[in-house]
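Work through these exercises with the model open beside you. Try each task before reading its solution.

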Amino acid sequence: MTAQGHTITVEEGTERVRVVTRDGRVLADSRRPVLLSETGYPVRYYLPPEDVRTDLLTPSDTHTRCPFKGAADYWSLADGTAQDIAWSYPDPFDQVSEIKGHLCFADVEVG
């Protein structure tokens with residue numbers, strides 16, 4: 001997708017992606033990431049909810065809107081130790097429909 005000089009590509013990944021908290025808790029471990037490349041941003045790894053410890057997360061009051069992807073909901077650690085550490089697009093625009101319901105974390109381990 002390209003709009004106004006802004007490009008987004010979405011593809012299936014095969015890398016192992018892990019999300020670990022500072023105290024060593026594994027929040028996600030996936031070999032089925034969806035990679036989203038977007039002008040001006042690092043590659044983001046959107047992980048299927050089945051590969052995420054959603055029991056350790058709680059919905060946040062934060063919601064944002066991206067003109068290229070749609071409305072995003074945010075997630076925090078349920079124990080209150082970290083806010084807005086993940087986001088997801090429950091109903092993304094058609095051009096990025098592959099990320100629907102997947103969770104993205106700012107800090108991931110790839111490899």
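**Exercise 1. Decide whether Ser30 is buried or exposed, then list its contacts.**

Solution. This is a predicted model.
- Step 1: Take the relative accessibility of Ser30, which is 2%. Buried means under 20%, so Ser30 counts as buried.
- Step 2: Place the residue. Ser30 belongs to strand β4.
- Step 3: Look for a side-chain partner. The side chains of Ser30 and Asp51 are joined by a polar contact of 2.7 Å.
- Step 4: Look for a backbone partner. At 2.9 Å, the Ser30 side chain reaches the backbone nitrogen of Arg32.

**Exercise 2. Find the order of the strands in the open sheet that holds β4, and say which stand at the edges.**

Solution.
- Step 1: Read off the order. The sheet has three strands, β4-β3-β11, and the pairing is antiparallel.
- Step 2: Find the edges. β4 (26–30) and β11 (109–110) each have a single partner strand, so one side of each is left without a neighbour in the sheet.
- Step 3: Recall the general rule. Strands of a sheet pair through backbone hydrogen bonds, either parallel or antiparallel.
- Step 4: Check one pair. β3 and β4 run antiparallel and are joined by four bridges.
- Step 5: Pick a bridge. Val20 has Val26, in β4, as its bridge partner.

**Exercise 3. Describe the largest pocket: how much space lies in it, and which residues are closest to its centre?**

Solution.
- Step 1: Start with the volume. The largest pocket holds about 380 Å³ of space.
- Step 2: Turn to the lining. It has 18 residues, and those closest to the centre are Val20, Thr21, Arg22, Ile85 and Asp107.
- Step 3: Find the main contributor. Strand β3 (residues 17–20) gives the most to this lining, with three residues.
- Step 4: Sort by class. The lining of the largest pocket has nine nonpolar, seven charged and two polar residues.

**Exercise 4. Do the same for the second largest pocket, and name the element with the largest share of its lining.**

Solution.
- Step 1: Take the volume. About 240 Å³ of space lies in the second largest pocket.
- Step 2: Name some lining residues. Among them are Leu36, Tyr41, Arg65, Cys66, Lys69 and Trp87.
- Step 3: Map the lining onto elements. Those giving two or more residues are β5 (34–38), β6 (44–47) and β7 (57–66).
- Step 4: Pick the largest share. β7 supplies it, with three residues.
- Step 5: Sort by class. Seven residues of this lining are nonpolar, four are charged and one is polar.

**Exercise 5. Explain why Cys104 is not bonded to Cys66.**

Solution.
- Step 1: Count the disulfides. The structure holds zero.
- Step 2: Check the distance. The closest cysteine sulfur to that of Cys104 is in Cys66, 12 Å away. A disulfide needs sulfur atoms within 2.5 Å, so this pair is too far for a bond.
- Step 3: Compare with accessibility. Cys104 counts as buried, at 0% relative accessibility. Cys66 is also buried, with a relative accessible area of 11%.

**Exercise 6. Where is Asp84, and what is its phi value near?**

Solution.
- Step 1: Locate the residue. Asp84 sits in the loop between β8 (70–77) and β9 (86–88).
- Step 2: Read phi. For Asp84 the angle is near 50 degrees, a positive value in a residue other than glycine.
- Step 3: Add the accessibility. With a relative accessible area of 31%, Asp84 is partly exposed.

Notes
Residues are numbered from 1 along each chain as its sequence is written. This is a predicted model: local features need pLDDT of at least 70, side-chain atom pairs count only at pLDDT 80 or more; totals for chains, interfaces and linings use all residues. Side-chain values use heavy atoms; hydrogens and water are left out. On a 1 Å grid over the protein atoms alone, a cavity is a set of points where a 1.4 Å probe fits but cannot get out, and a pocket is an open set with protein on both sides within 12 Å along at least five of seven lines; lining residues have an atom within 4 Å of a point. Grid points are joined across faces, edges and corners, and a volume is the space filled by probe spheres set on the points. Ala, Val, Leu, Ile, Met, Phe, Trp, Tyr, Cys and Pro count as nonpolar, Asp, Glu, Lys and Arg as charged, and the others, Gly among them, as polar. Two strands pair if DSSP finds at least two bridges between them. Buried means under 20% relative accessible area, exposed over 50%, partly exposed in between (1.4 Å probe, protein chains only). A polar contact is a pair of N or O atoms within 3.5 Å; within protein, one must be able to donate a hydrogen and the other to accept it, and residues adjacent in sequence count only if both atoms are side-chain atoms.
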